[in-house]
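Student: I've just opened this one and I'd like to know where its labels come from. Can we go through a few of them together?

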Amino acid sequence: FKSIDLQEKGFSFCPEITTKISLLNIDIIEFPINYNGRTYDQGKKIVASDGLKAIWTLIKYRFF
């Protein structure tokens, strides 16, 4: 895990690490959790453009 060269900052970190781990053929196991999302007033800062950046990050590290 420590040998993975991470480049992204912000919300793009998650798709980068997920893609790089999957390319190493390491199993990723998901566990259900209880989660109550925050509103913008409560500190939520993610916007639609973050989703587009995440998709680009997945493509970049998977195919390039």
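What follows is a short chat about some labels and the values behind them.

Tutor: Sure! Keep in mind that this is a predicted model. Pick any label you like.

Student: Why is the pair of W56 and F64 called tilted?

Tutor: Start with the distance: the ring centres of W56 and F64 lie 6.0 Å apart, and rings count as a pair if their centres are within 6.5 Å. Next comes the angle, which is 45° between the planes. Under 30 degrees would be stacked and over 60 edge-to-face, so what is left is tilted. By this rule there is 1 aromatic pair in the count.

Student: Is F64 buried or exposed, and how do you know?

Tutor: F64 has a relative accessibility of 71%. Exposed means over 50%, so F64 gets that label. You'll find F64 in the segment after α2, the helix that spans 48-63.

Student: And what makes W56 partly exposed?

Tutor: Its relative accessible area is 47%. Partly exposed covers the range between 20% and 50%, so W56 fits there. Both W56 and F64 also belong to a nonpolar surface patch, along with L52, I55, I59 and F63. Together the patch has about 730 Å² of accessible area.

Student: What about I21: why is that one called buried?

Tutor: I21 comes out at 14% relative accessible area, and buried means under 20%, so the label holds. I21 sits in helix α1, residues 13-23. Leaving aside residues up to four places away in sequence, I21 touches F1, I4, I26 and I28.

Student: Which other residues of α1 are buried?

Tutor: Besides I21, the buried ones are P15, E16, I17, T19 and K20. Part of what covers the buried residues of α1 is α2.

Student: How do you know that S12 is buried?

Tutor: Same cut-off: S12 has 8% relative accessibility, under the 20% limit, so S12 counts as buried. S12 lies in the segment before α1 and touches K53, A54 and T57, not counting residues up to four places away in sequence.

Student: Last one: what makes you say that K45 lies over the face of Y40?

Tutor: K45 is 4.7 Å from the ring centre of Y40. The limit is 6 Å, with the charge also within 35 degrees of the ring normal. The distance fits, and K45 is listed as lying over the face of Y40.

Methods:
Residues are numbered from 1 along each chain as its sequence is written. This is a predicted model: local features need pLDDT of at least 70, side-chain atom pairs count only at pLDDT 80 or more; totals for chains, interfaces and linings use all residues. Side-chain values use heavy atoms; hydrogens and water are left out. Buried means under 20% relative accessible area, exposed over 50%, partly exposed in between (1.4 Å probe, protein chains only). Helices (H or I, at least four residues) and strands (E, at least two) are DSSP runs, numbered from the N terminus. Contact means heavy atoms within 4.5 Å. Patches are made of residues with over 30% relative accessible area and no salt bridge: like charges are joined within 9 Å, nonpolar side chains (Val, Leu, Ile, Met, Phe, Trp, Tyr) within 5 Å. Accessible areas come from the Shrake-Rupley method with a 1.4 Å probe; for residues, only the protein chains shown count as cover. A salt bridge is a side-chain nitrogen of Lys or Arg within 4 Å of a carboxyl oxygen of Asp or Glu.
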